[in-house]
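Q: I would like to learn how to read the empty spaces in a protein model. Can we take one structure and work through it?

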Amino acid sequence: MFTAPQLEHYHREGYALYPGFLSPAEIAALRADLDTIAAGNTLASHDKSRLEMEPGQSPEGRLIRRLYEPCTHYPNFRALSDSARLLDCVEQLLGPDLIFHYSKINMKPPRIGSVVEWHQDLSYYPLTNRDSVSILFYLDDASVENGCLQVIPRRHLGPMMDHTSGGFFRGKVTEKVDESQALPLEGKAGTVIFMHCMTPHSSVTNTSDQSRRTLILSYRAADAYPIYCGVMSSSADAHLRLVRGQYAAAARFTESRIPIPRYETKIASLYELQEQARAAEHRG
Ligand SMILES: O=C(O)CCC(=O)C(=O)O
């Protein structure tokens, strides 16, 4: 459970750090699962429904950048997402009625691990209010060198930043980001970061020889209903489930303006979308 000062910190700064949330035994079990899941996949031949490989490696390369929906597919990850210990914390942030939204694991392998550019999570899946949290579990020690998460504190209370250019959603902030405000969140394996869905965040390429595997879960209050915005919104909601309390009988609206992501092409992931946006910027 969060202490009162931790809760106050979350609401004021837009994130809360929880060191030692996972025990060494839990971390070891999740890492062992990752080894099993990763086995046998190469860039040339892999299960595209379950994972995404790092580009820029040889066809035999085995470096994975993302696992999709581990809490749907693998029991230990599912159990963590349903655990009372975690949901008690989420309830403190969002109230008693809770929807699990999605899960993923960003693998950030040594020397290659892809960059994640500045974005606010709510830009990807508009909701009727802001009661949604992304929870990042460091499964390895995370430092500036291996690309720990960085956030812009206190920006979650403002309006949504622009994530568009040419009328299309680009999956990254397209206005100027004041990087002097960026705060790297380093932490030992087992540290968990609870991050408000409006907190701008990013992470750089892993330049070290240590991987930085991070499990990410997202939850929302049951009355934070998704705004329909085309085919991408239904795929974003494919893994929803009620994990505590009850479904809400009504949506709660807190926003007078909700930007809608309009996609130029169908994309597989944030990485792909941000890569396309970078390529378009370079072409001018
Ligand atoms: O893995 C990271 O460093 C950030 C992840 C993230 O923001 C995302 O995958 O949406």
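A: Yes. Start with an open space: the second largest pocket has a volume of about 230 Å³. Keep in mind that this is a predicted model.

Q: How does one find such spaces, and which residues lie nearest the centre of the second largest pocket?
A: Rolling a probe the size of a water molecule over the atoms shows where empty space is left. Here, 15 residues line the second largest pocket. Glu117, Trp118, Val173, Val177 and Glu179 lie nearest its centre.

Q: Which strand gives the largest share of that lining?
A: Strand E5 (116-119) does, with three residues. E12 also supplies at least two. By class, the lining of the second largest pocket has six nonpolar, four polar and five charged residues.

Q: What is the volume of the largest pocket, and which residues are closest to its centre?
A: The largest pocket has a volume of about 750 Å³. Its lining counts 26 residues, and Glu69, Ser235, Ala236, Ala268 and Ser269 are the closest to the centre.

Q: Which elements supply at least two residues each to the lining of the largest pocket?
A: Strand E3 (64-68), E4 and helix H6 (231-236) do. The lining of the largest pocket divides into 12 nonpolar, nine polar and five charged residues.

Q: Now the enclosed spaces. How many cavities of 30 Å³ or more does the structure hold?
A: A cavity differs from a pocket in that the probe fits but cannot get out. The structure holds two cavities of 30 Å³ or more. The largest has about 150 Å³ of space. The second largest has about 40 Å³.

Q: Which residues line the second largest cavity?
A: The lining consists of Tyr124, Tyr125, Pro126, Arg220, Pro226, Ile227, Ser233, Ala236 and Asp237. By class, that is six nonpolar, one polar and two charged.

Q: And the largest cavity: which residues are closest to its centre?
A: About 150 Å³ of space lies in the largest cavity. Of its 17 lining residues, Asn106, Leu136, Leu149, His201 and Ile216 are the closest to the centre. E4, E5, strand E6 (132-138) and E12 each supply at least two residues of the lining. The classes are seven nonpolar, six polar and four charged.

Q: Where does the ligand sit?
A: The ligand sits in the largest cavity. Look next at what surrounds the ligand: Arg66, Lys104, Asn106, Val116, His119, Leu149, His201, Ser203, Arg212, Ile216 and Leu270. This shell divides into four nonpolar, four polar and three charged residues.

Q: Which strands each supply at least two residues of the shell around the ligand?
A: Strand E4 (98-106), strand E5 (116-119) and strand E12 (201-203). E4, E5 and E12 also each give at least two residues to the lining of the largest cavity.

Q: How do I read polar contacts, and what distance separates the His201 side chain from a ligand oxygen atom?
A: Look for pairs of N or O atoms within 3.5 Å. An N or O atom in the His201 side chain is 2.8 Å from an oxygen atom of the ligand. For Lys104, a polar side-chain atom lies 2.9 Å from a ligand oxygen. For His119, the distance from a side-chain N or O atom to an oxygen of the ligand is 3.2 Å.

Q: What share of the ligand's accessible area does the protein cover?
A: Compare the ligand on its own with the ligand in place. On its own, the ligand has 290 Å² of accessible area, and the protein covers 97% of that.

How values were computed
Residues numbered from 1 in each chain as written. Predicted model: local features only at pLDDT ≥ 70, side-chain atom pairs only at ≥ 80, totals over all residues. Heavy atoms only, no water. Near = heavy atom within 4 Å. Polar contact = N/O pair within 3.5 Å; in protein donor to acceptor, adjacent residues only side chain to side chain. Areas by Shrake-Rupley, 256 points an atom, 1.4 Å probe, with all protein chains shown as cover. 1 Å grid on protein atoms, 1.4 Å probe; cavity = no way out; pocket = protein on both sides within 12 Å on 5 of 7 lines; lining within 4 Å. Sits in = over half its atoms within 2 Å of the grid points. Helix = DSSP H or I, 4+ residues; strand = E, 2+ residues; numbered from the N terminus. Nonpolar A, V, L, I, M, F, W, Y, C, P; charged D, E, K, R; others polar. Points joined across faces, edges and corners; volume = space filled by probe spheres on them.
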